[in-house]
Amino acid sequence: MENSKLKKYLSNDEVFKAINKHFITLKDEEVEKINVYLLQVIETLMERMKMKDSLFKKTYSKIIFCGSFYKGTKVEKPNEFDLNIILNLPMKYSYVNFYSTLPSFVKINVDHPLIYSTQQYENLTMDEKRSFEKLISHGNLNPNKFRHWIEGVIDKVIYELPKPNKLLIERGFNSYEVKIKVKKSGPAFTIILNLPCNTEEIHIDLAPALVFNTFMIEEYTTRFDELKNCRNKEWFAIPVPVTNTNCYGIDDHWRLSFCLQENEILRKCGSVKPVIRQMKKLRNVQNWKCIASYYIETLFLHKYKELDDLHTIPLTLLFFTMLKELYHACEQHEIKYFWNKNYNLLGKISKIEMSNITYRLNNIIKHIQKDIMKDSFVLAKYILYPYELQVLQEKFNSTTENENEENENNIAVYLDFASQLIDLLKIIFR
């Protein structure tokens, strides 16, 4: 991977582990607290949505927790979450057909004459059937209409709360109020909360989704062999808004999502997660907002099979290797979507912005190669903010001083013992 001398210095994980411990890893007690409140809020929100819309009540299936927090690659604070609202539509899924003119997106065709021959569809009222029919355009499920429907249900809940922007959570004899508001962002609705256990706002991206079996999508992924080997056999269709530039004007396509399989793959190579987190931290510090967390995770998904010795590579060395991978990706202006090599995740980023990041990455890599042998904090200078770097260096200096003092004490004890032993031997052999 590197020349032997550079590799030697990049194999020392002492600084890497200190960064991870003090500035990256989420605190268990904080995560546990927020998780409890989060589950209660989401459960309450779903119940209120069911009360506001009977079609939603009959089609709601479950909530899937996805995104960086649940992959174990979230950095800094547990304040952003991604959740999919899974709906089970009243139709025979075996009669659904897929079409695509855009890699990683599909049309969902429901035009088969037998597709509604289900008890679930028969149990719908006439109003519910009409509402469902409004979600279909030219025989295809329309992602925009689907998204607007769920958006409308959420709006009803928020705007009709007894107290403005106050959601009452009741659990047994306990009850509390949560400040809540909604912001629309692409296919998701960002729910912004102020929880009792936290002074900062919590952002939850709620995206409506449909679930299908992976064997229905074989021809629309270039990695079906990888997909069929995954234990989980579900993939999600996410409605994409008309304004999303990924669609290039195509407004009837749904985005493919294989988040469960990605979680599964990352679990197999769990040792990379701290490296992913530090790559994201570096991205944040360098203010590269256009490099989404998902792009960084995708780099690792591509690499995990190439690096057979992934579990034995020192973390600092792996970080530097993946930093160069990011550089090459930015230089080529391409990160291929893991499940379809024909889709470029970096495609919508401007050439100027990509060029600036490439130039910066090149300088960072050169600086690390030049100074790693004499400066053990050279990577930390790019991963941490200046005040964090100062704290880290102070912690190391303090630890070093304590170790030196302990060593001096140990030497003094040893010398004292040796002196007593010599005196004893003199007496014995006098």
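Here is a quick tour of this chain, from its overall make-up to two helix pairs and a few single residues.

**The whole chain**

This is a predicted model, so let's begin with confidence. The protein chain averages a pLDDT of 86, and 87% of the residues score at least 70. The protein chain has 16 helices and 14 strands. Of its 430 residues, 50% are buried. If you look at contacts with a separation of 6 or more, 67% of them link residues 24 or more positions apart.

Confidence varies along the way. Among the elements, helix 4 (residues 54-59) has the highest mean pLDDT, at 97, while helix 16 (residues 386-428) has the lowest, at 62. Two stretches deserve a careful eye. Over residues 242-249 the pLDDT stays under 50, and the model gives this stretch 13 contacts beyond four places in sequence. Residues 401-405 also have a pLDDT below 50, but here the model shows 0 contacts beyond near neighbours in sequence. Where pLDDT is low, the predicted coordinates should not be read in detail.

**Two helix pairs**

Two packed helices are described by the angle between their axes and the distance between the axes. Take helix 11 (residues 273-286) and helix 12 (residues 293-303): they pack at about 140°, with their axes 10 Å apart. That angle makes helix 11 oblique to helix 12. The crossing of helix 11 past helix 12 is right-handed. On the helix 11 side you'll find V275, I276, M279, K280 and R283, and they meet S293, I296, E297 and F300 of helix 12. Sorted by class, that contact has 5 nonpolar, 1 polar and 3 charged residues.

Now for helix 13 (residues 315-332) and helix 14 (residues 351-371). Their axes come within 9 Å and cross at roughly 150°. Angles over 145 degrees count as roughly antiparallel, and therefore helix 13 and helix 14 are described that way. The crossing of this pair is left-handed. Many residues take part: those of helix 13 include F320, L323 and Y327, and those of helix 14 include M354, L361 and I368. The contact of helix 13 with helix 14 divides into 11 nonpolar, 3 polar and 2 charged residues.

**Three residues up close**

Which residues does F258 touch, once its neighbours within four places in sequence are set aside? They are I217, L227, W235, Y337 and W339. F258 sits in the loop between strand 12 (254-257) and helix 10 (259-268). F258 and A237 are 21 residues apart in sequence, with their C-alpha atoms 9.1 Å apart in space.

G72 lies in another loop, the one between helix 5 (68-71) and strand 2 (80-87). Beyond four places in sequence, G72 is in contact with K273 and R277. G72 and L266 are 194 residues apart in sequence, yet 8.9 Å apart in space, C-alpha to C-alpha.

As for N340, its place is in strand 14 (residues 340-344). Leaving out residues up to four places away in sequence, N340 touches P103, S104, Y220 and T222.

Are these three residues buried or exposed? The table gives the answer for each of them.

| Residue | Relative accessible area | Status |
|---|---|---|
| F258 | 1% | buried |
| N340 | 6% | buried |
| G72 | 27% | partly exposed |

The cut-off for buried is under 20% relative accessible area, so N340, with 6%, counts as buried.

Note on methods
Residues are numbered from 1 along each chain as its sequence is written. This is a predicted model: local features need pLDDT of at least 70, side-chain atom pairs count only at pLDDT 80 or more; totals for chains, interfaces and linings use all residues. Side-chain values use heavy atoms; hydrogens and water are left out. Axes are lines fitted to C-alpha atoms, for helices over the stretch in contact, and angles run from 0 to 180 degrees between N-to-C directions. Helices (H or I, at least four residues) and strands (E, at least two) are DSSP runs, numbered from the N terminus. Angles under 35 degrees count as roughly parallel, over 145 as roughly antiparallel, 65 to 115 as roughly perpendicular and the rest as oblique. A crossing is left-handed if the near helix is turned anticlockwise from the far one by less than a right angle, and right-handed if clockwise. Contact means heavy atoms within 4.5 Å. Ala, Val, Leu, Ile, Met, Phe, Trp, Tyr, Cys and Pro count as nonpolar, Asp, Glu, Lys and Arg as charged, and the others, Gly among them, as polar. pLDDT is the predictor's confidence in each residue, from 0 to 100. Buried means under 20% relative accessible area, exposed over 50%, partly exposed in between (1.4 Å probe, protein chains only).
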